[in-house]
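Visitor: I would like to learn how to read helix packing, cores and sheets in a model. Where do we begin?

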Amino acid sequence: MEITYASPSAGDLAYSSSTSSGSSTMPTRPVKIIPLQHPDTTSYGSSGGVYSSSSWSNSLFSGWREKLKRMTFIDWIEMFLPCSLWIRTYRWREYFQVDLMAGTTVGIMLVPQAMSYAKLAGLEPIYGLYSGFVPIFIYVIFGSSRQLAIGPVALVSLLVSNVLSGIADSSDALYTELAILLALMVGILECIMGLLRLGWLIRFISHSVISGFTTASAIVIGLSQAKYFLGYEIDRSSEIVPIIKSIISGADEFSWPPFVMGSIILAILQSMKYLGKSRKHLRFLQAMGPLTAVVLGTTFVKIYHPSSITLVGDIPQGLPSFSIPKSFQYAKSLIPTAFLITGVAILESVGIAKALAAKNGYELDSNQELFGLGVANIFGSFFSAYPTTGSFSRSAVNHESGAKTGLSGIVTGTIMGCALLFLTPLFEYIPQCALAAIVISAVISLVDYEEAIFLWRVDKKDFLLWTITFTTTLFLGIEIGVLIGVGVSLAFVIHESANPHIAVLGRLPGTTVYRNVQQYPEAYTYNGIVIVRIDAPIYFANISYIKDRLREYEVVVDKSMRRGPEVERIYFVILEMAPVTYIDSSAVQALKDLHHEYKSRDIQIAISNPNRGVLLTLSKAGVVELIGKEWYFVRVHDAVQVCLQHVQGLKEAPKASDPSPEEKPSFFQRLLKQRGEDLSVSELESGNKKPSDSKQTDPQLEPLLFRKS
């Protein structure tokens, strides 16, 4: 529907409507615009606020209520036990063989890795095996990913070592008790965040922060394993400077046998990993690498019995027994690390799980995934496990091996159980340098220098964020590095929010489309009118910046691409509010002040295409009535038509005089001219006619609207 009117608020502007005797104002051409539908404020709560509390809560929970009403008994089971979904639809002939192969491959990979990561965490290797046993079975039941391989990982092991080394010595029983307690705390925190659906909080941590953090951590992890290569003890620290000082100061104790063995095993691991990634038919080599390292190292020790190479030593045989975590008096000091490990779980594990779900064609709930990880850690803590999460390398191997369901995880857990029951006597002769080589090989892939190069090329600000996080984590420690990285990341978010993108719009030639004049240099504007698009919600933090930019646009006028009547200043400011999703009370008050400020200088505000929520807020606050309903438009072009007509009146009114009879066009001349304008513009807007060359068109005579004949 269209309405036709000619500047109903002309009297509010500085209109010279009267002239000397014998003259009259020029008649204005009526314009047709699409009327904006104003919401009924009486149906949205009391008049005192923007939204009533009841309407807000209804809009927040109505979706959940409808979803719960539609849920069947099977849906409830699948929500609490996601494994029931793939169990009901399991295809034994298609899935069993590939699940069995994938689970076996990951199990062979996990056994030596679990012992290596336990040593990294400062624990005995048996606790790595425990951590790769019970949590896997629990995750299969409560986790929603069918390919994610959970267990000990290098980054979490480093975090555990970093926090516990400041509380107890790694040889004390208290150290082990605190690691198990930390698993319980991490599990509880993950469950709470999953149940309350708070996983979105971690979105505020930039990917640049995570990449810089993991790169620095990988370097620290690699250097911390150097003692098994060098043959002497080095200081345990999460900062690179003390580690390097310790390595240099103990250089006189260097022993070449573990260095040579470790270097050879590391070279073999890297070669197998490279061949496994680059050759599809050799893909199994990547998973066989850790087992190969253990077998080669153990075989060499059994044959030559070198005294200078330290061994893993005695490992208890049998499955873990049930026990309640102890030492709760230290729980307060473990809370920051529990939050940090939970953040790593959300960013890494949930991210990997969602990517694998997309590749395998099923949906995954991030909060359900977080809950599954939490339950796995809670049950694991009752069976002597330290914190576990999803492993990128093992999950990738599981996916590439063809895993279809959680049955592959059951196979992996079964292999871990068999290793605990029958193979621990063989683990006694594994060289420490072989386990260190496995850790170093795993963390080399975490050094994400390619991301830094990419960020330098694409976004210097993100590169700066990556560099700050990397440097502070490397030299000041993990906790400080993460805090600084997150703080700088949030500062960037706040800066972007407080300084939103604002664009001056111009009309693309031959169309009724208005776009950013900086992006489209051919777009032209009109004299006396400024069209501004605000590309962000308007609230207390950015309203001052927006007001400053509007004043700047009013003063700084580029006349090179302007058309229309020649006027000396701005009479209209059109705000395109389609991108504005929200406006708060501070912004509403500032908008009122801006209106009064403009009114004092004979400038009228026009608002284009506000969404229903924004329009309702403005209506509740009285801004709609203050500015005038006639100054709210559906399209920018509608607002331009009305404003331009006013500007034309300002230009022509003082010069208007009665034309002589000879100058008056005949009725037929006026009719032919009107029909010609109507036909050309209607063809143009319908796309049936190509736009004429702007050089051949008088910009002041270019029609602004179409009228149906």
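Guide: With a cut-off for angles. Between N-to-C directions, an angle over 145 degrees counts as roughly antiparallel. Keep in mind that this is a predicted model.

Visitor: How is a pair of packed helices described?

Guide: Two numbers do the work in general: the angle between the axes and the distance between them. Here, take helix α7 (residues 154–164) and α14. They pack at an angle of about 170°, and their axes are 10 Å apart. The two helices are therefore roughly antiparallel.

Visitor: Which residues of α7 and α14 meet?

Guide: From α7 come Leu-155, Val-156, Leu-159, Val-160, Val-163 and Leu-164. They meet Ser-333, Leu-334, Thr-337, Leu-340, Ile-341 and Val-344 in α14. By class, this contact has ten nonpolar residues, two polar and no charged.

Visitor: What should I expect of nonpolar side chains?

Guide: In soluble globular proteins they tend to be buried together. In this model the largest nonpolar core holds 108 residues. Leu-129 and Val-160 have the most contacts inside it. Helix α14 (residues 331–360) is the top contributor, giving eleven residues.

Visitor: What does Val-160 touch beyond four places away in sequence?

Guide: Val-160 touches Ala-121, Tyr-175, Ala-179, Leu-182, Ile-341, Tyr-386 and Pro-387. Ile-341 also appears on the α14 side of the helix contact. There is a second, separate core too, with 56 residues. Among them are Ala-503, Leu-594, Leu-615 and Val-640.

Visitor: Now a single polar residue. Is Ser-246 buried or exposed?

Guide: The cut-off for buried is under 20% relative accessible area. Ser-246 has 7% relative accessibility, so it counts as buried. Ser-246 sits in helix α11 (residues 240–249). Setting aside neighbours within four places in sequence, Ser-246 contacts Tyr-232, Glu-233, Ile-234 and Asp-235.

Visitor: And a sheet? What is the strand order, and which strands stand at the edges?

Guide: Read across the sheet, strand by strand. Six strands form an open sheet in the order β6-β5-β8-β10-β11-β12, with mixed pairing. β6 (514–516) and β12 (632–633) stand at the edges. Each has a single partner strand, so one side of each lacks a neighbour in the sheet.

Visitor: In what sense do β5 and β6 pair?

Guide: Strand β5 (residues 502–507) pairs with β6 in the antiparallel sense, over three bridges. Leu-505 stands opposite Asn-516 in β6.

Visitor: Which strands does helix α22 lie across?

Guide: Helix α22 (residues 543–555) lies across β5, β8 (529–534) and β10 (572–576). Helix α22 runs at about 40° to β5.

Key:
Residues numbered from 1 in each chain as written. Predicted model: local features only at pLDDT ≥ 70, side-chain atom pairs only at ≥ 80, totals over all residues. Heavy atoms only, no water. Core = buried A, V, L, I, M, F, W, Y, C linked by side-chain atoms within 4.5 Å. Buried < 20%, exposed > 50% of the residue type's maximum accessible area, 1.4 Å probe, protein only. Helix = DSSP H or I, 4+ residues; strand = E, 2+ residues; numbered from the N terminus. Contact = heavy atoms within 4.5 Å. Axes fitted to C-alpha atoms, helices over the stretch in contact; angles between N-to-C directions. Parallel < 35°, antiparallel > 145°, perpendicular 65-115°, else oblique. Nonpolar A, V, L, I, M, F, W, Y, C, P; charged D, E, K, R; others polar. Pairing = 2+ DSSP bridges.
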